[in-house]
Amino acid sequence: MYGSYTGRSRTRRRMAGLRTTGTAAALGAALLLAGCSGDGDGGDKKSAPTVEQQPKDKDPYWVNPDGNAARQVAAYTEDGDDEKAALIRKIAQQPVGEWVTPDNPESQVRGITEAAAAADRDALLVLYNVPHRDCGQFSKGGAADGNAYRAWLDGVAQGIGDRSATVILEPDALLHLVDGCTPQEFHEERYDLLKGAVERLKQQPATKVYLDAGNAGWQSPDALYQPLQRAGIAEADGFSLNVSNFQTTAVSTEFGKKLSEKIGNKPFVIDTSRNGNGPYTGGDPAESWCNPPGRALGEAPTTQTGDELVDAYLWIKRPGESDGDCKGGPKAGDWWPEYALGLAGTTK
């Protein structure tokens, strides 16, 4: 199933390359706001160009002025390549998810949320550290055990403090219980950890939590609603869909509404970072998720979706970062400017 099923979220290989330096860009942004230059892990190492925040009423989330895309804009601009700079600016000017790494969660998250607060915006955080993550496959890892995860999560919560943040909670974690990828012996602990995570994060006065529920091509609402209830969806603000995937916004919305009906009409958010042209149907189906060609940026992040059940379109996956060493890409998590140019330049 896992070698050929094309509907999976496939957060896995992209996250296999996640490094502490991936969050350093966000922490560097806090320094940048204080007048210092950051130390991100992609693009030009010089100070990033000025990146303005989006209008708050349309998109309240923080745009990192020191992210990989912003640095790439600076590099292209310095080289006099205005055409490429303009394309990458389509990514750099939008808020994207900040994936919290295993080390020093409190200081990481404090840096991100303080930078966001200084810009009068909300932080968008992605937590991906549950034990036995990814069933021991490409993105295997996560916290050593349940106690280590709870301690890490407590650090995240303390780093948020009373600042405004939206948390996407553990992409794939619930789905891997439903589809049997995670061994049965870990199920009870996983449910307990997810439920506990929702409860702990909701102790922070300005934090919203969206429990991940996969995508429209992977499992069905009938298979998901009871596991979501067991994982604490009642206490969460809603659920997330399409993280790192390519299902269209229309398909994701229809799927989300069917699922919402079964769990008390909970709202949801949709990752639109790369879904402009929908899923890839060519090549080897086993790798349709990995750096697929011809994909495009989807709807820009916004809370003005026109649908009362859809709280926001978000760029949870960071466009331009490789899914893995396939189709000529660098290792997972690395900034890949050529792919970013394709996403920004492809006509939807």
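User: Let's start with one glycine. Where is the place of Gly 276?
Analyst: Good place to begin, and keep in mind that this is a predicted model. Gly 276 is partly exposed, with a relative accessible area of 26%. Its place along the chain is the loop between S6 and strand S7 (310–314).

User: What distance separates the C-alpha atoms of Gly 276 and Glu 299?
Analyst: Along the chain, Gly 276 and Glu 299 are 23 residues apart. In space, their C-alpha atoms are separated by 7.1 Å.

User: Now the whole protein, please. How many helices and strands does the protein have?
Analyst: The protein has 348 residues, and buried ones make up 58% of them. Among contacts between residues at least 6 apart in sequence, 76% join residues at least 24 apart. As for the elements, the count is 11 helices and 7 strands.

User: What is the order of the strands in the open sheet?
Analyst: The edge strands are strand S1 (98–100) and S7, each of which pairs on one side only. The sheet is open and has 7 strands with parallel pairing. Reading across, the order is S1-S2-S3-S4-S5-S6-S7.

User: By how many degrees are neighbouring strands of this sheet turned against each other on average?
Analyst: Here the direction of the strands is ignored. On average, the turn between neighbours in this sheet is 30 degrees.

User: Which strands does helix H6 touch as it packs on the sheet?
Analyst: Helix H6 covers residues 146–160, and its direction makes about 180 degrees with that of S2. Its contacts on the sheet are with S1, S2, S3 and S4.

User: Let's look inside the sheet. How many of the residues of S3 are buried?
Analyst: In a regular strand, side chains alternate between the two faces of the sheet. On one side of S3, Ala 165, Val 167 and Leu 169 are buried, and on the other side Thr 166 and Ile 168 are buried too, so both faces are covered. S3 is therefore largely enclosed by the rest of the structure, and its buried residues number 5 of the 5.

User: Over how many bridges do S2 and S3 pair?
Analyst: You can find one facing pair at Val 126, which stands opposite Ile 168 in S3. The two strands S2 and S3 pair in the parallel sense, and the number of bridges is 5.

User: Which residue in S4 does Leu 169 stand opposite?
Analyst: S3 and S4 pair in the parallel sense over 5 bridges. Across from Leu 169, the residue in S4 is Leu 211.

User: Through which helix does the chain cross from S4 to S5?
Analyst: Strand S4 (residues 207–212) and strand S5 (residues 238–241) are parallel and pair over 3 bridges, with Asp 212 opposite Ser 240 in S5. The β-α-β crossover between S4 and S5 is right-handed, and the helix on the way is H9 (residues 221–230).

User: And which residue in S6 does Ser 240 stand opposite?
Analyst: S5 and strand S6 (residues 268–271) run parallel and are joined by 3 bridges. Phe 239 stands opposite Phe 268 in S6. For Ser 240, the residue opposite is Val 269.

User: On to the loops. Is Asp 172 buried or exposed?
Analyst: Asp 172 is in the loop between strand S3 (165–169) and helix H7 (175–178). Its phi is near 80 degrees, a positive value in a residue other than glycine. Buried means under 20% relative accessible area. Asp 172 has 2% relative accessibility, so it counts as buried.

User: In which loop is Asn 265 found?
Analyst: Most residues other than glycine have a negative phi. Asn 265 is not a glycine, although its phi is positive, at about 60 degrees. You will find Asn 265 in the loop between H10 and S6.

User: Last topic, helix packing. Are H4 and H11 roughly parallel or roughly perpendicular to each other?
Analyst: Two packed helices are described by the angle between their axes and the distance between the axes. For helix H4 (residues 82–92) and helix H11 (residues 337–345), the axes are 9 Å apart and the angle is about 80 degrees. Angles of 65 to 115 degrees count as roughly perpendicular. H4 and H11 are therefore roughly perpendicular.

User: Against which helices do the buried residues of H11 pack?
Analyst: The buried residues of H11 include Tyr 339, Leu 341 and Leu 343. In the contact of H4 with H11, the residues from H11 are Pro 337, Ala 340, Leu 341, Ala 344 and Gly 345. The helices that the buried residues of H11 pack against are helix H3 (68–78) and H4.

Terms used
Residues numbered from 1 in each chain as written. Predicted model: local features only at pLDDT ≥ 70, side-chain atom pairs only at ≥ 80, totals over all residues. Heavy atoms only, no water. Axes fitted to C-alpha atoms, helices over the stretch in contact; angles between N-to-C directions. Helix = DSSP H or I, 4+ residues; strand = E, 2+ residues; numbered from the N terminus. Parallel < 35°, antiparallel > 145°, perpendicular 65-115°, else oblique. Contact = heavy atoms within 4.5 Å. Pairing = 2+ DSSP bridges. Right-handed = clockwise from strand over helix to strand, strands pointing away. Buried < 20%, exposed > 50% of the residue type's maximum accessible area, 1.4 Å probe, protein only.
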